[in-house]
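This report describes a predicted model. It takes up the salt bridges, then a strand and its partners, and then the nonpolar cores.

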Amino acid sequence: MDSAASPSQAPHRAGFACFVGRPNAGKSTLTNALVGTKVAITSNRPQTTRHTVRGIVHRPDAQLVLVDTPGLHKPRTLLGERLNDVVRTTWAEVDVIGFCLPADQKLGPGDKFIAKELAGIKKTPKIAIVTKTDLVDSKQLAEQLIAIDQLAVELGFEWQTIVPVSAVGDKQVSLLADLIAPLLPESPPLYPEGDLTDEPEMVMVAELIREAALEGVRDELPHSIAVVVEEMIPREDRPENKPLLDIHANVYIERPSQKGIIIGPKGARLKEVGMKSRKHIEALLGTPVYLDLHVKVAKDWQRDPKQLRKLGF
């Protein structure tokens with residue numbers, strides 16, 4: 001590095017960014033590619049990111065904290081309305097908003113709905129991120145870039161920049177970080193170097209279990225699963241070099257009829273969920289884990305304010 005870029009001239013920047021976009025636009029995948037570790041849960045089901053999972057990108061010149069908001073959608077339930085309020089508040093508080101638009105899908109009503117909301121948030125710089133560019137040829141990509149540019153013109157705002165990326169092929173992901181960094185306020189790092197996320201560990205563990213429980217489940221369940229980690233306690237009487245963490249968690253569904261789907265024939269599915277999530281949890285916490293999973297029915301929890309509070313919404 002030459003002396004022109006020495007720390008005395010270039011102030012360190014730090015701040016918050018969030019990625020928005022309709023379900024499956026590649027938000028969580030992008031977060032993971034930037035942070036370099038699996039933090040946000042990725043699932044091919046819409047509405048799986050419930051909590052504000054923050055991934056942290058540490059760079060010599062900047063620290064970027066990624067706030068993963070749930071997707072904005074037209075609410076059908078109390079949970080939907082709550083999620084939407086969370087989204088709007090978050091958008092108003094971050095330093096940069098990245099709007100993810102998949103390269104392989106024409107702009108639809110969902111995108112326009114979000115863009116309209118974005119147009120109402122005046123002060124925050126907005127970057128259009130064209131994801132999944134590995135799935136299209138250059139002509140299709142060019143058409144998408146023009147359409148995205150046009151969308152802002154129609155709604156009376158301007159993109160700070162439009163960036164094509166492929167998180168899967170890692171193409172231009174670091175370029176994206178280069179473009180976001182200067183938009184952040186001057187500030188010392190907000191989090192210590194080793195931190196990848198500031199979500200409490202219990203919430204992240206619950207998310208990993210929920211992701212495993214969603215995989216391969218028929219379409220009627222995506223919204224109906226909530227996971228609560230009741231406790232995480234180190235097993236007593238273990239030698240220091242062989243720790244074991246006991247995790248007790250409940251998977252909540254809305255109706256008794258869904259219980260069989262989650263548990264599977266002779267409990268096979270639940271066992272599979274336990275094995276899958278345990279691997280990810282052990283990688284996250286860096287310690288062997290004993291996972292105790294139970295499936296419980298919380299009747300119509302999405303529509304009941306008391307249940308929503310209990311399940312952490």
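Under the distance rule applied here, a side-chain nitrogen of Lys or Arg within 4 Å of a carboxyl oxygen of Asp or Glu, the count of salt bridges in this predicted model comes to ten. Three of the pairs are set out in the table, each with its N to O distance and the relative accessible area of both partners.

| Salt bridge | N to O distance | Relative accessible area, acidic residue | Relative accessible area, basic residue |
|---|---|---|---|
| Asp178 and Arg59 | 2.9 Å | Asp178, 40% | Arg59, 22% |
| Glu215 and Lys276 | 3.1 Å | Glu215, 41% | Lys276, 32% |
| Asp246 and Arg235 | 2.6 Å | Asp246, 11% | Arg235, 34% |

The side chains of Asp178 and Arg59 meet at 2.9 Å, and this pair links distant parts of the chain, since Asp178 belongs to helix H5 (residues 173-180) while Arg59 sits in the loop between strand E2 (53-58) and strand E3 (62-68), 119 residues apart. Asp178 is partly exposed, and Arg59 likewise counts as partly exposed. The pair also takes part in a network of salt bridges that links Arg59, Asp61 and Asp178.

Lys276 and Glu215 form a salt bridge as well, and this pair again links distant parts of the chain: Lys276 lies in helix H8 (residues 268-285) and Glu215 in the loop between helix H6 (201-214) and strand E7 (226-234), 61 residues apart. Lys276 is partly exposed, as is Glu215.

In the salt bridge between Asp246 and Arg235, Asp246 lies in strand E8 (residues 245-253) and Arg235 in the loop between E7 and E8, so the pair ties together parts that are eleven residues apart in sequence. Asp246 counts as buried, because its relative accessibility of 11% falls under the 20% limit, whereas Arg235 is partly exposed.

Strand E5 (residues 126-131) is largely enclosed by the rest of the structure, because six of its six residues are buried. Lys126, Ala128 and Val130 point one way from E5, while Ile127, Ile129 and Thr131 point the other way, and the residues of both groups are buried.

E5 runs parallel to strand E4 (residues 96-102), to which it is joined by six bridges, and within this pairing Cys100 stands opposite Ile129 of E5. Together with helix H3 (residues 109-119), E4 and E5 make a right-handed β-α-β unit. E5 also runs parallel to strand E6 (residues 161-164), with four bridges between them, and Val130 has Pro164 in E6 as its bridge partner. From E5 the chain crosses through helix H4 (residues 138-155) to E6, in a β-α-β crossover that is right-handed.

The largest nonpolar core holds 27 residues, of which Val205, Ile209, Ile225, Ile247, Ile281 and Leu293 touch the most other members. At least two residues of this core come from each of H6, E7, E8, helix H7 (259-263), H8 and strand E9 (289-297), and H6 supplies the largest share, seven residues. Ile209, when its neighbours within four places in sequence are left aside, is in contact with Val227, Ala249, Val251, Val273, Ser277, Ile281, Leu291 and Leu293. Apart from this core lies another one, of 25 residues, which includes Val20, Ile97, Ala115 and Ala119.

Definitions and conventions
Residues are numbered from 1 along each chain as its sequence is written. This is a predicted model: local features need pLDDT of at least 70, side-chain atom pairs count only at pLDDT 80 or more; totals for chains, interfaces and linings use all residues. Side-chain values use heavy atoms; hydrogens and water are left out. Buried means under 20% relative accessible area, exposed over 50%, partly exposed in between (1.4 Å probe, protein chains only). Two strands pair if DSSP finds at least two bridges between them. A crossover is right-handed if, with the strands pointing away from the viewer, the path from the first strand over the helix to the second runs clockwise. A nonpolar core is a set of buried Ala, Val, Leu, Ile, Met, Phe, Trp, Tyr and Cys residues joined through side-chain atoms within 4.5 Å. Contact means heavy atoms within 4.5 Å.
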